[in-house]
Amino acid sequence: QNALLPPESNRSFEVGTKWQFWNARIETSAALFRLEKENARIASSVPGVNILGGSQQVDGLQLSFTGTITEEWKARFAYAYLDSHTTATAPGGSLLGSALVNTPKSAFTLWTEYALLPEWKVGLGGQYISQRLAQNTAASFLRSPPYLTADASSEYRFSPDYAFRLNVYNLLDRHYFDVIHPF
């Protein structure tokens, strides 16, 4: 029923900057952007059937930092702020002015690695995702809770071509919804 819909139309606008410091050992970037979607696929008043009748907009800010702090220590940090809105809708579709489904307001990631020995390094980091809408219609308005995860890794390099790596995800054993889908 939805396969015959024509494509959606998107436009994006972005301005950004990138800087390097300490002889390119530290790199930072920042960007402001706007994404606009016209003729967006939205739910119709008939359950299970989508139509092209919506418009959506996301204004955002993205910041990142990547660096070699010392010869042994490297770090990465990224933050994104997303201000999303439904700018046009139809009966059965998303609520006008509401946030877009599965779009967090804030998200950040952090990862740091340290070389204990030239052939052995360990890493620690995680991510935070703010609450998101799982469903956004007059009939059903569902949210997923925010979450914070922590991860770790250890890598031992036997040669330039071979290494053993152990990754441990969700160290804090938190219950979270990574992917959400409307009911």
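1. The pairing of strands β6 and β9 is a suitable place to begin: Gln 127 stands opposite Thr 149 in β9. The model is a predicted one, and the remarks below should be read in that light. Strand β6 and strand β9 (residues 147-157) are antiparallel to each other, with 10 bridges between them. Thr 149 appears again among the contacts of Asn 170, a residue taken up in point 6.

2. The secondary structure consists of 10 strands and zero helices. In sequence order the pattern is accordingly β-β-β-β-β-β-β-β-β-β. The protein is more spread out than a compact globule, because its radius of gyration of 21 Å is well over the 16 Å that the globule rule gives for 183 residues. Along the principal axes, the C-alpha atoms occupy a box of roughly 60 × 35 × 30 Å.

3. Several totals describe the chain as a whole. Of its 183 residues, 28% count as buried. The accessible surface is about 11,900 Å², and carbon and sulfur atoms contribute 60% of that area. Among contacts with a separation of 6 or more, 53% are between residues 24 or more positions apart. As to charge, the protein has 15 positive and 16 negative charges, and the mean positions of these two sets are 4 Å apart.

4. The strand pairings can be followed from β3 onward. Strand β3 (residues 50-68) pairs with strand β4 (residues 73-88) in the antiparallel sense, over 14 bridges. A hairpin of four residues makes the connection from β3 to β4. Within this pairing, Ser 64 has Ala 78 of β4 as its bridge partner. Strand β4 also pairs with strand β5 (residues 106-117), again in the antiparallel sense, over nine bridges; here Trp 73 stands opposite Tyr 114 in β5. Strand β5 in turn runs antiparallel to β6, and 10 bridges join the two. The hairpin between β5 and β6 has two residues, and Ala 107 stands opposite Ile 129 in β6. With the β6-β9 pairing of point 1, the pairings described here can be traced from β3 through β4, β5 and β6 to β9.

5. Gln 57 merits attention within strand β3. This residue counts as buried, because its relative accessibility of 18% is under the 20% cut-off. Beyond its neighbours within four places in sequence, Gln 57 is in contact with Arg 34, Leu 35, Glu 36, Asp 83, Ser 84, His 85, Thr 87 and Leu 100. The C-alpha atoms of Gln 57 and Thr 86 are 6.5 Å apart in space, although the two residues are 29 residues apart in sequence.

6. Asn 170 belongs to the segment after β10 (163-168). Its relative accessibility is 17%, so Asn 170 counts as buried. If neighbours within four places in sequence are left aside, the contacts of Asn 170 are Thr 149, Ala 150, Asp 151 and Tyr 176. Asp 173 is placed in the same segment after β10, but this residue counts as exposed, at 68% relative accessibility.

7. Pro 118 lies in the loop between β5 and β6 (120-129). Pro 118 is exposed, because its relative accessible area of 85% is over the 50% cut-off. From Pro 118 to Asp 178 the C-alpha to C-alpha distance is 35 Å, and the two are 60 residues apart in sequence.

8. Two backbone angles should be inspected by the reader. Most residues other than glycine have a negative phi. Asn 102 has a positive phi, near 60°, and is not a glycine; this residue is placed in the loop between β4 and β5. With 35% relative accessibility, Asn 102 counts as partly exposed. Asp 173, already mentioned in point 6 as a residue of the segment after β10, likewise is not a glycine and has a positive phi, of about 55°.

Definitions and conventions
Residues are numbered from 1 along each chain as its sequence is written. This is a predicted model: local features need pLDDT of at least 70, side-chain atom pairs count only at pLDDT 80 or more; totals for chains, interfaces and linings use all residues. Side-chain values use heavy atoms; hydrogens and water are left out. The radius of gyration is taken over C-alpha atoms; the globule rule is 2.2 Å times the number of residues to the power 0.38. Buried means under 20% relative accessible area, exposed over 50%, partly exposed in between (1.4 Å probe, protein chains only). Contact means heavy atoms within 4.5 Å. Accessible areas come from the Shrake-Rupley method with a 1.4 Å probe; for residues, only the protein chains shown count as cover. Lys and Arg count as positive and Asp and Glu as negative; His and the chain ends are not counted. The place of a charge is taken as NZ of Lys, CZ of Arg, CG of Asp or CD of Glu. Two strands pair if DSSP finds at least two bridges between them.
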